[in-house]
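Q: Please take a close look at one helix-helix contact in this model and at the residues around it. I would like one connected account rather than a list.

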Amino acid sequence: MTAVSAEQDVWGLLSQVRQLTEPALRKAVRRLPEPTRAVAEYHFGWRDQGGNPAPGDWGKGIRGALVVASARAMGADPEQAVPAAAGVELVHNFSLVHDDLMDRDALRRKRPAVWSLFGDAQAVLTGDALLVVAMEVLAEDRTMLGELCDALLALVAGQSADLAFEQRTDVDLDECLAMAAGKTAALLSSACALGGLAARATPRQTNALRRFGHHMGLAFQLVDDLLGIWGRSSVSGKPVGADLRRRKKSLPVVAALRADVPEAWRLAEVYLSGTGPLGEAEIREAARLVDRAGGRAWAEQEAQRQRDRALAALAAADPEPEGARTLTSLAEVITQRHW
């Protein structure tokens, strides 16, 4: 499969799933009381800053696409997976609203983040409300609800570890990978398992899909960390360099800090010796040192390794050929994405 055809597969899938899922998302958000509903509609891009109707930009919809693609790979119609896809996207957006608040990231999807426009309290309430309606969407299927709740608890543990790492100077790579498994991979893993459950796949197949999503999620976080240092805000819609500014222990940074080379020693002096945010010159120096100490190369290689492990897990799920092709395309594009 060429890179071009893989990208075409993925963009076609994402577009289709967004069209399938958006009515369910809008219906769920309409359940929210004001002013939380207006804030949520802004977050999803359905309203502008002035409260006027807008075309809508609620992201790529990757997690919902994983639900639908996994269900299709198990022989189900896409429509069977729409409630689960909507539930996963609502949880994902709850986590984004709260993450932006905790990390004080002022931009989301090239627009002011919810907390920066409506205040901290409204960000907390809106995230909470999105989580409630996500649970409501899946309330009639206790197996699916349990799957999503397990992912949520892992997500909370991962986010807690990420925040705790900011105060530590001795984080190792195993701890950092475990943090990423909770913070990011848990929801992608759950999305794939939910697709299997929607399709009434066997427990063995569902577990294989869960492993596929886990490794895909780790690859996704590795690429996200790389883009957070060397990407472009105009493409990602997020502030590049923000993690370095906050001295975050992202995977490339921790890999670089564990190296036994002069660049790693200098990186430790710049990164670990203070407590406040890094300045612009320090951010540029830290990015250069992470690269020179091997953190960038390690993260790129690890993303490829996680992609390979994801594809091995996918094969173990015995997917239908067309579904396998779509999920393989997703793994390829996520590993090589620039957004």
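The answer below starts from one pair of helices and then turns to some local backbone features.

A: The model is predicted. The pair in question is helix α9, residues 203–230, and helix α16, residues 321–335, which pack at an angle of about 20° with their axes 9 Å apart. Since angles under 35 degrees count as roughly parallel, α9 is therefore roughly parallel to α16. The crossing of α9 past α16 is left-handed.

On the α9 side, the contact is made by L209, F212, M216, A219, F220 and V223. The α16 side contributes L327, L330, A331, I334 and T335. By class, the residues of this contact divide into 10 nonpolar, one polar and no charged. In soluble globular proteins, nonpolar side chains tend to be buried together.

Two residues of this contact also stand out in the largest nonpolar core. That core has 65 residues, and L66, F212 and L327 touch the most other members. With neighbours within four places in sequence left aside, the contacts of F212 are L66, C192, A310, L311, A313, L314, L327 and A331. F212 thus touches both L66 and L327, the two residues named with F212 for touching the most other core members. Another core, of 17 residues, lies apart from the largest one, and V171, V223, L226 and L251 are among its residues. V223 has already appeared on the α9 side of the helix contact.

L330, in helix α16, deserves a separate look. Its relative accessibility is 1%, and because buried means under 20%, L330 counts as buried. Not counting residues up to four places away in sequence, L330 touches V10, L13, L66, A69 and M216. L330 and M216 are 114 residues apart in sequence, yet their C-alpha atoms are 8.9 Å apart in space. L66 recurs here: L330 touches L66, and F212 is in contact with L66 as well.

One further residue leads back to α9 from another helix. T184 is found in helix α8, residues 173–198, and is buried, with a relative accessible area of 9%. Leaving aside neighbours within four places in sequence, T184 is in contact with G217, F220 and Q221. Of these, F220 also belongs to the α9 side of the contact with α16.

Away from this pair, several backbone details can be read in order along the chain. The peptide bond from E34 to P35 is cis, with omega near 5°, and P35 lies in the loop between α1 (3–30) and α2. Helix α2, residues 36–43, is mostly covered, with six of its eight residues buried. The buried residues of α2 are T36, V39, A40, E41, Y42 and H43. Just after α2, G45 takes a positive phi of about 80°.

Positive phi values also occur at two residues that are not glycine. R109 has a positive phi of about 55° and sits in the loop between β1 (107–108) and β2 (111–112). K110 has a positive phi of about 65°, and K110 too is placed in the loop between β1 and β2. The two are classed by opposite words: R109 counts as buried at 13% relative accessibility, whereas K110 counts as exposed at 56%.

Methods
Residues are numbered from 1 along each chain as its sequence is written. This is a predicted model: local features need pLDDT of at least 70, side-chain atom pairs count only at pLDDT 80 or more; totals for chains, interfaces and linings use all residues. Side-chain values use heavy atoms; hydrogens and water are left out. Axes are lines fitted to C-alpha atoms, for helices over the stretch in contact, and angles run from 0 to 180 degrees between N-to-C directions. Helices (H or I, at least four residues) and strands (E, at least two) are DSSP runs, numbered from the N terminus. Angles under 35 degrees count as roughly parallel, over 145 as roughly antiparallel, 65 to 115 as roughly perpendicular and the rest as oblique. A crossing is left-handed if the near helix is turned anticlockwise from the far one by less than a right angle, and right-handed if clockwise. Contact means heavy atoms within 4.5 Å. Ala, Val, Leu, Ile, Met, Phe, Trp, Tyr, Cys and Pro count as nonpolar, Asp, Glu, Lys and Arg as charged, and the others, Gly among them, as polar. A nonpolar core is a set of buried Ala, Val, Leu, Ile, Met, Phe, Trp, Tyr and Cys residues joined through side-chain atoms within 4.5 Å. Buried means under 20% relative accessible area, exposed over 50%, partly exposed in between (1.4 Å probe, protein chains only).
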